[in-house]
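Let's take a walk through this one together, starting with the metal sites and then moving on to the nucleic acid. Keep the viewer open as you read.

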There are 2 protein chains.
Amino acid sequence: MNQTVIPKPDYEAALREAGVRITRPRRVILGILSDAGDHPDAMEIFRRAVAIDNSISLSTVYRTMKLLEGIGAIHRHAFEGGPSRFEPAVGDHHDHLIDIETGDVIEFQSDRIEELQQEIARELGYEIVHHRLELYGRKRRRR
Amino acid sequence: MNQTVIPKPDYEAALREAGVRITRPRRVILGILSDAGDHPDAMEIFRRAVAIDNSISLSTVYRTMKLLEGIGAIHRHAFEGGPSRFEPAVGDHHDHLIDIETGDVIEFQSDRIEELQQEIARELGYEIVHHRLELYGRKRRRR
DNA sequence: CTTCTATTTGCAAACGATTTGCAATTGCAT
DNA sequence: ATGCAATTGCAAATCGTTTGCAAATAGAAG
Ligand SMILES: [Mn+2]
Ligand SMILES: [Mn+2]
Ligand SMILES: [Zn+2]
Ligand SMILES: [Zn+2]
C-alpha cells in the first residue's frame, strides 16, 4: 500500500474553466497526456491518439497543445535539434538532462541553481519570467 | 590607454587549418562576425553582408555558419521563438539572459552554477557534453 | 601568368515542423 | 429538438533552413 501518488491533472476542469468546449479529440489527447510518463512530441501524441480514434488529425493535436500551453496546463520544451516535446504542467518545477545518445529525458531539480539564477538576474536589473536549463550528456562509462 | 582587449578570432587561420578555401563571401561574413558585438541571426548577417557585397546569397550565409559551427569557431544559440543566433566562439564560456521585451541578449557567467551542473550530472551517472542555460526576463521596474 | 580541377557559389526548389483558411461537423446553451 | 458559435479535418501556406545543380572561382601545379 501507500504508493506514491502520481498526480493526474484534471484537464477537463481546466478546459471548462477556460470556457472551452470538451470535444472528443480533446478528450483523447488529454487522456494521452495524463498518462504519458515521457516527453512526447506532437507526432508521437498524434500516433497515440490515432490508435484510440483514427479520425483525429495532426492539426488538432497542434491546436490542442497550443491551447493547453496557453492555459498553462502543459509545458513545451524545445530541446536541441528535434521538434517541441510536451509534458503535463503538474508537480514542481524541474529542469532536464537529455541523453544525447538515446534522447532519453531525465528530470532534476536544484534549489541552489534556481536561487543563483534569481541572484544573477537581480544583479543585472532583471526579473526572471521563465528560464531554461538543459544538460546534454552521455552515460558515464561504468567505473 | 590600457583598453580592455576585445579578442578578434583569426577565422582565416582556422579555415585554412580546416583545409577549406577562403573565398570572397566567406571573407565578408567572417569580417561581420569578427566585429559583431551582438548575437545576430542568419538574416541579419545576410543584410550586413549584402551591404558590403550585394552578390552574397543567404544560402552561403547558412552554409558558412554551419561550417564555422562545425570547426567550433562560432556558437549557435536557439533562443525561444526566433531563428538561430550566432556569436564568435572567443573568450570564456557564458550563458545568456534574454530581455523578452527587447530581445536584447545579456551575457553572464556563474562558476557556482557550472559546478552544480557537473555535480547533478555526475549524481545521475552522466557526463555533460554541453548545456544551455537561458534566463528570460524583463527589466525590473526602477526602484 | 596560364591551366586545371575540386570546391564553392547563387538560385530555385525541397525540406520539416507548425500554422492557417475554409467548409463541414459538433458541443452545448436554449 | 434547435441554432449557432466553436471546433474539426483537410489542404495549402508559412518559416527557417537545407539541398541539387550548373556556373563561377580558389589556388595548386606547371
Ligand atoms: Mn519534465
Ligand atoms: Mn554570448
Ligand atoms: Zn529550473
Ligand atoms: Zn553555462
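Start at the zinc ion (ligand 3), which in this predicted model takes its protein donors from A:H93 (NE2), A:D95 (OD, listed twice), A:E114 (OE) and A:H131 (NE2), lying 2.0 to 2.6 Å from it. Read along the sequence, the donor residues of this zinc ion are spaced H-x1-D-x18-E-x16-H. Now pick out A:D95 and A:H131: A:D95 sits in strand β3 (residues 95–99) of chain A and A:H131 in strand β5 (residues 126–139) of chain A, so this pair links distant parts of the chain, 36 residues apart. How accessible are these two? A:D95 has 4% relative accessibility and counts as buried, and A:H131, at 17%, counts as buried too.

Next, hop over to chain B. The zinc ion (ligand 4) is coordinated by B:H93 (NE2), B:D95 (OD, again listed twice), B:E114 (OE) and B:H131 (NE2), at 2.0 to 2.6 Å. Its donors follow the spacing H-x1-D-x18-E-x16-H along the chain. Here, have a look at another pair. B:H93 lies in the loop between β2 (85–88) and β3 (95–99) of chain B, while B:E114 belongs to helix α5 (residues 111–123) of chain B, so the two tie together parts that are 21 residues apart in sequence. Buried or partly exposed: which is B:H93, and which is B:E114? With 39% relative accessibility, B:H93 counts as partly exposed, whereas B:E114 is buried, at a relative accessible area of 17%.

On to the DNA. Around strand C there are 19 residues, and those that come nearest are A:Y62, A:K66, B:S55, B:T60 and B:R63. If you look at the atoms of DNA strand C that come within 4 Å of the protein, sugar and phosphate account for 64% of them. Some individual contacts are worth zooming in on. A polar side-chain atom of A:K66 is 2.5 Å from a phosphate oxygen of DNA strand C. From the other chain, a polar side-chain atom of B:R26 lies 3.0 Å from a phosphate oxygen of this strand, and an N or O atom in the side chain of B:S57 is 2.9 Å from a phosphate oxygen. The elements that give two or more residues to the surface near DNA strand C are α4 of chain A along with α2 (24–34) and α4 of chain B. Of these, α4(A) gives the most, with 4 residues. Sorted by class, this surface has 6 nonpolar, 7 polar and 6 charged residues.

Then turn to DNA strand D, which is surrounded by 20 residues; the closest are A:S55, A:T60, A:R63, B:Y62 and B:K66. Of the strand D atoms within 4 Å of the protein, 65% belong to sugar or phosphate and the rest to bases. A:R21 uses its backbone here, with an N or O atom 2.9 Å from a phosphate oxygen of the strand. The side chain of B:Y62 has an N or O atom 2.7 Å from a phosphate oxygen. B:S59 gives you a base contact instead: an N or O atom in its side chain is 3.2 Å from a base oxygen of DNA strand D. Two or more residues each come from α2 (24–34) and α4 (58–70) of chain A and from α4 (58–70) of chain B, with α4(B) giving the largest share of the surface, 4 residues. By class, the surface near DNA strand D divides into 6 nonpolar, 8 polar and 6 charged residues.

Methods:
Residues are numbered from 1 along each chain as its sequence is written. Chains are lettered from A and ligands numbered from 1 in the order in which they are written. This is a predicted model: local features need pLDDT of at least 70, side-chain atom pairs count only at pLDDT 80 or more; totals for chains, interfaces and linings use all residues. Side-chain values use heavy atoms; hydrogens and water are left out. Donors are N, O and S atoms within 2.8 Å of the metal (3.2 Å for Na, K and Ca); water is not among the atoms, so sites may look incomplete. Buried means under 20% relative accessible area, exposed over 50%, partly exposed in between (1.4 Å probe, protein chains only). A residue is near a molecule or strand if one of its heavy atoms lies within 4 Å of it. A polar contact is a pair of N or O atoms within 3.5 Å; within protein, one must be able to donate a hydrogen and the other to accept it, and residues adjacent in sequence count only if both atoms are side-chain atoms. Ala, Val, Leu, Ile, Met, Phe, Trp, Tyr, Cys and Pro count as nonpolar, Asp, Glu, Lys and Arg as charged, and the others, Gly among them, as polar.
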